[in-house]
Amino acid sequence: MKVLHAVTLHDPKGTFGGPVRVALNLARGLADRGHEARLVALADGFGRSLPTEVEGVPARLYRARRVLPFGFSGLTSPALLVRAGRLVRDADLVHVHLARDLVTLPVALAALRAGTPLVVQPHGMVAPRTHTSARLLDGLAVRRVLRGAGRLLYLTDHERRDLARVARLDDQDTSVRATRLVNGVPAQEPATPPAGPPRILFAARLQERKRPRDFVAAAPEILRAHPDAEFVVAGPDEGELTAVRELVTALGLVHKVILPGALDAARMQTELRRAHVYVLPSVDEPLPMSVLEAMAVGTPVVVTRSNGLARDVERAGAGRVVDDADDIAAAVTALLDPAARRAAAQAARDLVTGTYALDAVLDTLLAAYAEARRGLPAPAKDAGPERDTAPAKNAEPDRRPGPGRAPDAPRDPGPGH
């Protein structure tokens, strides 16, 4: 089976975050099972020639052009828009990591026009919005894509209900065509227990919602118990770098906090393996890939209560869950106890291999692909005035009951998990 994965942007800094990482993991996993998986995306930050593969995944990249002042949503490529029809016709199935943008939406619409089976995975990026540009895109394209897709892949029940609201479909009708797909990580060799001074890591976009300043603010209290500890704040800047630097200076931490900037995949793995503890203080994260990747190598984690992984982390003992920023320092200090860290490290690996292993995720994904290729009946009830669906190739009604329910978790309003 030839599968085309469409994602918004790839660059050396990993700016677009989790959706790219998920797409690459799934594409490599599909290739291991004998399928042909390709990536299509915009590219930025490269030289004159663009890569033809990304981490071993064949890729068709198009140089990003900014046409609107709306962050990622304002990027596109005229060449990609022209060639989208050919790209989707060459595939047996198109898997779109959907956002409100001028990349994934055109590819999804091209798949609907071509009759190529379409699977949509929004990663929490298509939640209901009230501002004019989002409502305009919803009316012009997003609603049509959600209604026409053969399968909708969601992380949480909260996200599934959000998709129903955006599509203006009854939630039950959305459930019939929806499959819960958690983020999965490939099997990893466990990291060697780190030696030397405690190294505490934050690695995510430097954005207000990710709360990098909460991480820095916890450092003085940790240093009182571990004066030799060092802290790494890594990630592409999305508005918080200046504030982080100012706080580092104000707290007298210039020689204790390292700011390496964005990390590529290889450097991210190196930092995760070097870290004694990984901290992600952000709020409303569905299933962040960085936390899963940390646990996969046996690095204990500290996350907030609103993190979609919090319940599993707490139950498994794979780290600590905090209610607010004031609790971060105590949680990290507790995990720096050698016995506590050893237990949490093993629990973290067990959690990932038992629940978030890529092989299990691929089983679910391939079942969803099969349903998308068979085709689904049109929704029975429309909660809005518009009805716009596109049949998949070789459409054949699927009348099996919808998937089971998963616990609610907050939605992620932007890219990157």
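Colleague: Which residue follows helix α3, and what is the sign of its phi?

Modeller: In this predicted model, α3 is followed by Gly 115, whose phi is positive, near 75°.

Colleague: What makes you describe helix α3 as largely enclosed by the rest of the structure?

Modeller: Buried means under 20% relative accessible area, and 8 of the 11 residues of α3 (residues 104–114) are buried, so the helix is largely enclosed. Among the buried residues are Leu 105, Val 107 and Leu 109, and the buried residues of α3 pack against β1 (2–10), α2 (78–89), β7 (93–96), β8 (118–120) and α4 (132–148).

Colleague: How many aromatic pairs does the structure hold, and why is the pair of Phe 202 and Phe 215 called tilted?

Modeller: The structure holds 2 aromatic pairs. The ring centres of Phe 202 and Phe 215 are 5.9 Å apart, with the planes at 40°; planes under 30 degrees apart would count as stacked and over 60 as edge-to-face, so this pair is tilted. Phe 202 lies in strand β11 and Phe 215 in helix α7, so the pair ties together parts that are 13 residues apart in sequence.

Colleague: What makes the pair of Phe 215 and Phe 231 edge-to-face?

Modeller: The angle between the planes of Phe 215 and Phe 231 is 75°, set against a limit of over 60 degrees for edge-to-face, while the centres are 6.1 Å apart and pairing asks for centres within 6.5 Å. Both Phe 215 and Phe 231 are buried, and ring pairs link Phe 202, Phe 215 and Phe 231 into a cluster.

Colleague: How do you know that Arg 160 lies over the face of Tyr 154?

Modeller: Arg 160 is at 5.8 Å from the ring centre of Tyr 154, and the distance cut-off is within 6 Å.

Note on methods
Residues are numbered from 1 along each chain as its sequence is written. This is a predicted model: local features need pLDDT of at least 70, side-chain atom pairs count only at pLDDT 80 or more; totals for chains, interfaces and linings use all residues. Side-chain values use heavy atoms; hydrogens and water are left out. Buried means under 20% relative accessible area, exposed over 50%, partly exposed in between (1.4 Å probe, protein chains only). Helices (H or I, at least four residues) and strands (E, at least two) are DSSP runs, numbered from the N terminus. Contact means heavy atoms within 4.5 Å. Rings of Phe, Tyr and Trp (its six-membered ring) pair if their centres lie within 6.5 Å; planes under 30 degrees apart count as stacked, over 60 as edge-to-face and the rest as tilted. A charge sits over a ring if NZ of Lys or CZ of Arg is within 6 Å of the ring centre and within 35 degrees of the ring normal.
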